[in-house]
Amino acid sequence: DEGPGQPDRPARVSKGDSRGDARSSGFNLRRSPKSGGRRDEEFEAQAPLEVSSSSWVAQQKNWHEERTAVQNGKPDDAAITRQIRSVLNKLTLERFGQLLQQLFAIGISTQEHLEVLMHEIMQKATTQHHFINMYTDLCAALQEWCVENQIGSGAKKSSFKHILLNECQNSFERYLKPPEHLKDLKGEDLKEAEVKYKTSMIGNIRFVGALLAKNMVASSVVIHVVTELLSKPDVPDALECLAAFLTTVGGLFDGRSDWKYQDQLQKVFVDVQRLSRDSSVLPRIRCLMSDVLDLRKAGWQDQKQATKSVDGPMTIDEVHSRAAEDHSRVGGAGSGARGNQSRSSGSGWQQSPSGGGKSRTSSSSGAGASGNAWTTVASSGRGPRVSSEQAPSRPAQSSSGASERFGPRPAATPSSGKSFSGPKPAPEAAPVRDIGSIRNGLRATVKELMMSHELADAIQRVLEMRIPPQHQAGELAHLLAWVADEGNRDSRAIGFRFSVQLLLDGVLSRSAVVPGLQSLAEKSKDLALDLPSLPQILIQECVPALEELVRAGLLTAEQRQAFAQSVQ
């Protein structure tokens with residue numbers, strides 16, 4: 001069909017053949033751009049696209065290869081590493097035995113596998129402080145299993161205990177100095193990174209102490225650790241780790257005549273005593289050192305409510321058992337509570353007359369001469385009086401009810417946002433007299449409030465604590481300091497509002513306002529050493545929140561201004 005004058009055309013190829021050739025050759029065919037007036041088409045070969053190692057196809061291929069290898073009894077190192085992480089991520093006290101058997105069955109057989117396993121355990125233990133004892137038990141079980149199955153027994157350096165000791169040493173040395181990337185961070189990112197670093201540093205120390213209690217590492221590590229930490233007296237985090245470490249291991253080695261490092265340990269406690277009195281050391285660190293010395297005097301049996309360790313994780317059965325015990329204890333205590341409530345007996349509780357509307361006053365209210373900006377507002381002055389018609393409806397109470405414990409509630413000025421009708425009457429129960437228990441409960445309430453923002457529930461919990469009047473000013477100062485220490489501005493806002501609402505609702509006495517602010521102002525300089533932004537937070541966030549107290553007549557504008565000036 002081709003005649004003279006007709007352009008040359010390539011031989012026609014069927015569509016099926018062209019597709020087959022393209023697939024078999026592994027090349028992409030692309031039309032070349034048209035040139036001139038030619039109408040013919042030419043094809044040129046292109047290199048195939050490269051498959052990324054992170055693509056879905058590549059991941060599926062790797063997964064099938066790993067599954068086949070496991071079924072054939074020959075898993076590779078990457079598959080074992082992933083399975084180790086998978087088991088550790090699911091590890092709990094409830095499933096400890098089951099997951100331990102899964103860990104034994106994934107194919108751990110070489111020194112490299114043990115190193116990966118120990119590194120993952122160390123990462124978990126340093127960040128999950130409540131589970132340190134569980135990870136210590138895991139290490140003890142793995143040690144026994146390695147000995148029974150002769151894993152890592154070919155050379156001393158490949159044994160599980162040696163790998164464990166190396167990982168502890170590497171982790172300890174790594175956390176002795178802050179990471180380099182902290183220099184590049186600012187603001188909230190910097191504070192978050194510092195908290196993570198400090199958490200890992202203290203967690204590493206506590207984990208080493210727990211391993212010492214299980215005889216998993218040599219006792220000579222104690223002297224090495226405390227010597228390194230004492231060599232950095234100008235680093236607060238190092239001294240805080242020293243206090244945590246001595247609290248963990250002090251009871252194991254202090255006073256043991258058969259321990260050859262006893263003399264060196266006694267010298268360490270001499271240094272601790274010196275640090276507790278050194279004015280150049282931060283007040284918070286001096287308090288930690290004093291706590292260690294007090295614990296030692298008590299025979300390493302913690303008797304303080306403020307420093308007593310909280311319960312660790314429990315199984316479901318243990319939770320149910322603890323709940324049953326608490327229920328029976330509360331039920332037994334309730335029978336004699338009502339008779340005790342109606343007795344005043346000079347215990348520090350001052351009740352308002354059942355028929356009057358006068359606000360109660362405290363002998364420690366700090367009222368002074370006129371002209372002092374810190375003078376407490378007199379109860380008969382500007383404070384609002386709540387009539388029976390204005391007061392919110394509340395259930396009828398006996399003479400030992402909430403109104404007698406706390407006096408009449410002042411009329412609070414409604415704040416913006418969600419309306420709040422005030423706390424419910426506290427249930428009749430024996431009042432808590434221990435200030436340590438009260439402070440722990442108040443701090444736990446603040447932490448829960450920061451997460452839930454349930455203002456009404458938090459106020460009800462504080463109402464049920466029945467804080468004695470003589471302690472209310474001090475607890476108000478602690479409360480405001482805890483709120484100011486929060487890293488998130490929104491959390492601080494709800495915290496300051498919570499503090500003010502406690503006073504507006506009468507949960508804390510009006511006589512605690514000025515002494516509480518005075519106490520916080522006196523401590524602010526010491527607190528600012530650990531929290532440099534404290535003055536700015538108090539002036540920009542706390543002082544504006546106190547405006548509601550001024551409007552309610554619980555604080556004068558002059559007192560509010562004096563507080564702002566004293567914390568600058």
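Phe207 is a good place to start in this predicted model: beyond its neighbours within four places in sequence, Phe207 is in contact with Met118, Ile121, Met122, Ala125, Ile132, Tyr135, Thr136 and Cys139. Phe207 also belongs to the largest nonpolar core, which has 78 residues. From there, we can look at the second core, one helix pair, two loop residues and the chain as a whole.

**Nonpolar cores**
- Within the 78-residue core, the residues with the most contacts are Ile121, Leu138 and Phe207.
- One of these, Ile121, is itself in the list of contacts of Phe207.
- A second core, separate from the largest one, has 50 residues, including Leu508, Leu534, Ile537 and Val550.

**Helices α19 and α21**
- Two packed helices are described by the angle between their axes and the distance between the axes.
- Here, α19 covers residues 489-504 and α21 covers residues 534-545; the two pack at an angle of about 40 degrees, with 9 Å between their axes.
- This angle makes α19 oblique to α21.
- The two helices, α19 and α21, cross in a right-handed sense.
- On the α19 side, the contact is made by Arg489, Arg492, Phe496 and Val500.
- On the α21 side, Ile537, Glu541, Cys542 and Ala545 take part.
- Ile537 may look familiar, as Ile537 is also included in the core of 50 residues.

**Two loop residues worth a look**
- Most residues other than glycine have a negative phi.
- Trp300, although not a glycine, has a positive phi of about 60 degrees.
- You will find Trp300 in the loop between α12 (283-297) and α13 (316-334).
- With a relative accessible area of 15%, Trp300 is buried, because buried means under 20%.
- Arg466 is not a glycine either, and its phi is positive at about 55 degrees.
- The loop that holds Arg466 runs between α17 (455-465) and α18 (469-484).
- Arg466 counts as buried too, with 2% relative accessibility.

**The chain as a whole**
- The secondary structure comprises 23 helices and two strands.
- The chain has 568 residues, and 38% of them count as buried.
- Among contacts with a separation of 6 or more, 68% are between residues 24 or more positions apart.
- The accessible surface of the chain is about 33100 Å², and carbon and sulfur atoms account for 50% of that area.

Technical notes: Residues numbered from 1 in each chain as written. Predicted model: local features only at pLDDT ≥ 70, side-chain atom pairs only at ≥ 80, totals over all residues. Heavy atoms only, no water. Helix = DSSP H or I, 4+ residues; strand = E, 2+ residues; numbered from the N terminus. Buried < 20%, exposed > 50% of the residue type's maximum accessible area, 1.4 Å probe, protein only. Contact = heavy atoms within 4.5 Å. Areas by Shrake-Rupley, 256 points an atom, 1.4 Å probe, with all protein chains shown as cover. Core = buried A, V, L, I, M, F, W, Y, C linked by side-chain atoms within 4.5 Å. Axes fitted to C-alpha atoms, helices over the stretch in contact; angles between N-to-C directions. Parallel < 35°, antiparallel > 145°, perpendicular 65-115°, else oblique. Left-handed = near helix turned anticlockwise from the far one by under 90°.
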